[in-house]
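Subject: Structure for you to look at

Hello,

Here is the structure I said I would pass on. My notes on it follow below the entry.

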Amino acid sequence: TAHANETQDTLTVNHPQKVVVVSQDSLLKVQIFGRDNDSTYRYESSLQTVDSNYVSTSTIGSDWSFSIGAFGKKRHANRGTQVQSNFFIGFNAPSGPTPMSFKPFESWELWWLIADFNTALWHSGSEVSVGVGVDWRNYRIGDRQQFVKADDGTVSAEPLPNGSDPQFSRIKVFSLTFPVRYHYYKKRWGFSLGPVFNLNTYASIKTRYKLNGDKQKTVYKHIHQAPFTVDVMGTFVTPLLNFYAKYSPCNVLDTTYGPKIHSVSFGIFF
C-alpha cells in the first residue's frame, strides 16, 4: 500500500515488484513498478538540472494511457503500456508486368490503426508495439486499359473499347492489419520499423468510362486476392509532420488467377 501522508515529500510502497534508479550527470530518476496486489501501479520521480536550476517531477498512476494521433497525450519513455490510434493517408505505387501502366498518384491508401499497444523498453526512448487496424488500398491503371475478370476467374488488363473516354479502372483491397514495430523517440523526433501482417478479406474491380456519350460501369467481385500478405513498414516522426512508407513484397492477387502486382506506399499519418 502507498502512504503519501506520512510526512511531506515521503512515499512508502510496500512490496514493489521492481525498482529502477537512473543516475546521469544532470538527471536522477526513481521508478517503482507494482505494489502489494496491484501489478499496474507506477510511480516515477525525477530531479533534473535545467539551465543551472533544479526541476523536480513526480507521477503516480497505472501503466495505461491512451492517445489519438498527434492530439493525444505525449509519449513518456518507461511509463508502462500506452494505447495509441493513428490515421494514415498516402499513395500506392504499384508495379506489374507489361503492358500494365499504373497511376501511383491516383492510387490511394487509407489506413486506420485503431489501437497500437506500445510498451516501453528499459532503454530510454525505445518501445515495441503491436497494433490492429483496417486498411483500404486501391490500384489504378492507365494508358486506356481496364482490369477484366474472365469466366474462369482470371484477372488481366485489356484495352478499353475504341472511341471510349476513360475515367478509371482499379483494383480495391480491404484488409485487417496487425503491425509489429520497434520505435525510438528522442524529444519530438522518432522512427519505427517492423512488419505489417495483412489479412485481406475483400477485393474487387471497378471500371468507369464513357462510350458514345453513355456512362459505362463494370464491377467484378471475388477476384481472388492473396488472402495473407506481409509488408515492411517504416515511419519518421518530426515536430511538424509524421511520414510513413511501406514496401509490399507479396503479390496483391493470387498468382493462380492474376498477374504479379507489388506495391510501395508512402504518405503521412496523424
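Of the 270 residues in the protein, 39% are buried. Please keep in mind that this is a predicted model. The accessible surface is about 15000 Å², and carbon and sulfur atoms account for 57% of that area. The secondary structure consists of 18 strands, with zero helices. Taking contacts between residues at least 6 apart in sequence, 54% of them join residues at least 24 apart.

Cavities

The structure has two cavities of 30 Å³ or more. The largest cavity contains about 90 Å³ of space. Its lining is made up of R137, Y139, V173, N198, N200, A226, T229, D231, S248, C250, N251 and V252. Three elements each give two or more residues to this lining: β10 (126-140), β14 (189-211) and β16 (228-237). Sorted by class, the lining has five nonpolar, five polar and two charged residues. On the method, rolling a probe the size of a water molecule over the atoms shows where empty space is left.

Two serines in β18

S263 lies in strand β18, and S265 is placed in that strand too, which covers residues 262-269. S263 has a relative accessibility of 3%, so it counts as buried, the cut-off being under 20%. S265 has a relative accessible area of 1% and is therefore buried as well.

What does S263 contact, leaving aside its neighbours within four places in sequence? The list is N92, A93, P94, Y139, K246, Y247 and S248. Two of these residues, Y139 and S248, also appear in the lining of the largest cavity.

With its neighbours within four places again left aside, S265 is in contact with F91, N92, E109, Y244, A245 and K246. N92 and K246 are on the contact lists of both serines. The S265 side chain also makes a polar contact with the side chain of E109, at 3.1 Å.

Two loop positions

G153 is found in the loop between β11 (145-149) and β12 (155-159). Is this glycine, G153, buried or exposed? Its relative accessible area is 6%, so G153 is buried. Not counting residues up to four places away in sequence, G153 touches H224 and Y257. The C-alpha atoms of G153 and K221 are separated by 10.0 Å, the two residues being 68 apart along the chain.

K103 sits in another loop, the one between β8 (81-95) and β9 (108-120). At 29% relative accessibility, K103 counts as partly exposed, because that value falls between the cut-offs of 20% and 50%. K103 touches R140, I141 and G142, with residues up to four places away in sequence not counted. For one of these, G142, the C-alpha atom is 6.1 Å from that of K103, and the two residues are 39 apart along the chain. R140 is the last residue in the range given for β10 (126-140).

Summary

To recap, S263, S265 and G153 are buried, whereas K103 is partly exposed. The largest cavity, with about 90 Å³ of space, takes two or more lining residues from each of β10, β14 and β16.

Regards

Terms used:
Residues are numbered from 1 along each chain as its sequence is written. This is a predicted model: local features need pLDDT of at least 70, side-chain atom pairs count only at pLDDT 80 or more; totals for chains, interfaces and linings use all residues. Side-chain values use heavy atoms; hydrogens and water are left out. On a 1 Å grid over the protein atoms alone, a cavity is a set of points where a 1.4 Å probe fits but cannot get out, and a pocket is an open set with protein on both sides within 12 Å along at least five of seven lines; lining residues have an atom within 4 Å of a point. Grid points are joined across faces, edges and corners, and a volume is the space filled by probe spheres set on the points. Helices (H or I, at least four residues) and strands (E, at least two) are DSSP runs, numbered from the N terminus. Ala, Val, Leu, Ile, Met, Phe, Trp, Tyr, Cys and Pro count as nonpolar, Asp, Glu, Lys and Arg as charged, and the others, Gly among them, as polar. Buried means under 20% relative accessible area, exposed over 50%, partly exposed in between (1.4 Å probe, protein chains only). Contact means heavy atoms within 4.5 Å. Accessible areas come from the Shrake-Rupley method with a 1.4 Å probe; for residues, only the protein chains shown count as cover. A polar contact is a pair of N or O atoms within 3.5 Å; within protein, one must be able to donate a hydrogen and the other to accept it, and residues adjacent in sequence count only if both atoms are side-chain atoms.
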